Amino acid sequence: MSLLKTITLLLIIFALFFTSCTRTHGPSETKTPSYHVYVTNETSGDLSVIDPTTMEVVATVPLGKRPRGIHASPDRKTIYVALSGSPIGGPGVDESKLPPPDKTADGIGVFDVQQDKLLRLIQSGSDPENFDLSKDGSQIFVSNEDDSKVSVVDVASGKVVQAFPVGEEPEGVKASPDGKFVYVTSEDTGTISVLDTTSTKLIKTFKVGRRPRSVAFMPDGSRAYVNAENDASVVVIDAVKHEAMQTIPLGQPGVIKPMAVLLSSDAKKLYVSTGRGHKVFVIDTATNQVTASFEVGERPWGIALSPDGKTLYTANGPTNDVSVVDLATQTVTKKIKVSGGPWGVTVVQP
């Protein structure tokens, strides 16, 4: 064999070997993520999309003014976001000195997951903050903060079909697992209003503690958990009788400020973010006892779990980042920078 042919053959063998190596290792580097993390940014008015394989923001999509509450449709093809044209206030703020609200910005944004695009804004009431969907996704139940109402939105028509007065400054909204009831928390009055979805009537309002914001139902609908921010506690609710039954203290009021409550997929653990407390607490739902707490970042608010339940994501508003928490070690493995004022977090698996 001539020297030229020998060199040519060696080059071909080298090329095949290099290609084989590339194909062997390439997929892990360009692996398509099994889910994405979506974060609403209240001050910058957009949505951050995070790839969990690289732990980086892969898209930032404009939404509108003050995006806060965020939930996916039952088929996971659509993400809904509460948008509000009311200026940011907060406890103790003199609202008469704030700029006038832009009511044209109020509504529920409809975001297409496949296109990474906001499609439209549907009517929802005045100053929507949070919401939940009916089991079939045909209706959205919205808390409207500045007019103390919960509205029922028909998704197909994009119209408010009913509205009910609830306590002052409504925020948290959660439908029961069977879809028969919707709980609406009211921060200022410290109550939960119960909407019967069959009769579409408010059937009860009961006290739960100071500044309730978030509700989580056990899968069988027998119990629910709600935070009491200014009491530094979580309240256990008898969701059959619709009344408070137990209080779980987390720490010193004013220091520990529970915000969001979230159950693990097996409902054995309840995760609680604590705002200025910088921590997430873990509650054993069998005993209703705190089993752990760990630091996650500055003022963690919205929280979400990966589909396998091994990773927790927290939205840290003041530092404009999202903490990635390894729940096996209860440590932050990374903080991902987002645009401005992260508020809500949801995980969507196609």
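## Exercises on a predicted model

Take Ile 248 and skip its neighbours within four places in sequence: its contacts (heavy atoms within 4.5 Å) are then Tyr 225, Ala 232, Ser 233, Val 234, Val 236, Ile 283, Asn 288 and Val 290. This is a predicted model, where local features need pLDDT of at least 70, side-chain atom pairs count only at pLDDT 80 or more, and totals for chains, interfaces and linings use all residues. Residues are numbered from 1 along each chain as its sequence is written, and side-chain values use heavy atoms, with hydrogens and water left out.

### Exercise 1: the core

Task: find how many residues the largest nonpolar core has, and which strands each supply at least two of them.

Step 1. Fix the term. A nonpolar core is a set of buried Ala, Val, Leu, Ile, Met, Phe, Trp, Tyr and Cys residues joined through side-chain atoms within 4.5 Å. Buried means under 20% relative accessible area, exposed over 50%, partly exposed in between (1.4 Å probe, protein chains only).

Step 2. Count. The largest core has 16 residues. Those with the most contacts inside it include Ile 248, Tyr 225, Val 234 and Ile 283.

Step 3. Assign strands (DSSP runs of E, at least two residues, numbered from the N terminus). β18 (233-238), β20 (261-263), β21 (269-273) and β22 (279-284) each give at least two core residues.

### Exercise 2: a bridge between loops

Task: state what the salt bridge of Asp 146 and Lys 103 ties together.

Step 1. Check the distance. A salt bridge puts a side-chain nitrogen of Lys or Arg within 4 Å of a carboxyl oxygen of Asp or Glu. Here N to O is 2.6 Å.

Step 2. Locate both ends. Asp 146 sits in the loop between β9 (139-144) and β10 (149-154), and Lys 103 in the loop between β5 (78-83) and β6 (107-112), so the pair ties together parts 43 residues apart in sequence.

Step 3. Check exposure. Asp 146 is partly exposed at 41% relative accessibility. Lys 103 is partly exposed at 37%.

### Exercise 3: Arg 213 and its partners

Task: are Glu 171 and Arg 213 buried or exposed, and which network do they join?

Step 1. Read the first pair. Glu 171 and Arg 213 form a salt bridge at 2.8 Å, N to O. Glu 171 lies in strand β12 (residues 170-175), and Arg 213 in the loop between β15 (201-207) and β16 (215-217), 42 residues apart.

Step 2. Check burial. Glu 171 is buried at 1% relative accessibility. Arg 213 is buried at 8%.

Step 3. Add Glu 229. Its salt bridge with Arg 213 has closest N and O atoms 2.5 Å apart. Glu 229 is buried too, at 5%.

Step 4. Join the bridges. Shared partners link Glu 169, Glu 171, Glu 187, Arg 211, Arg 213, Glu 229 and Lys 257 into one network.

Conventions. Helices (H or I, at least four residues) and strands (E, at least two) are DSSP runs, numbered from the N terminus.
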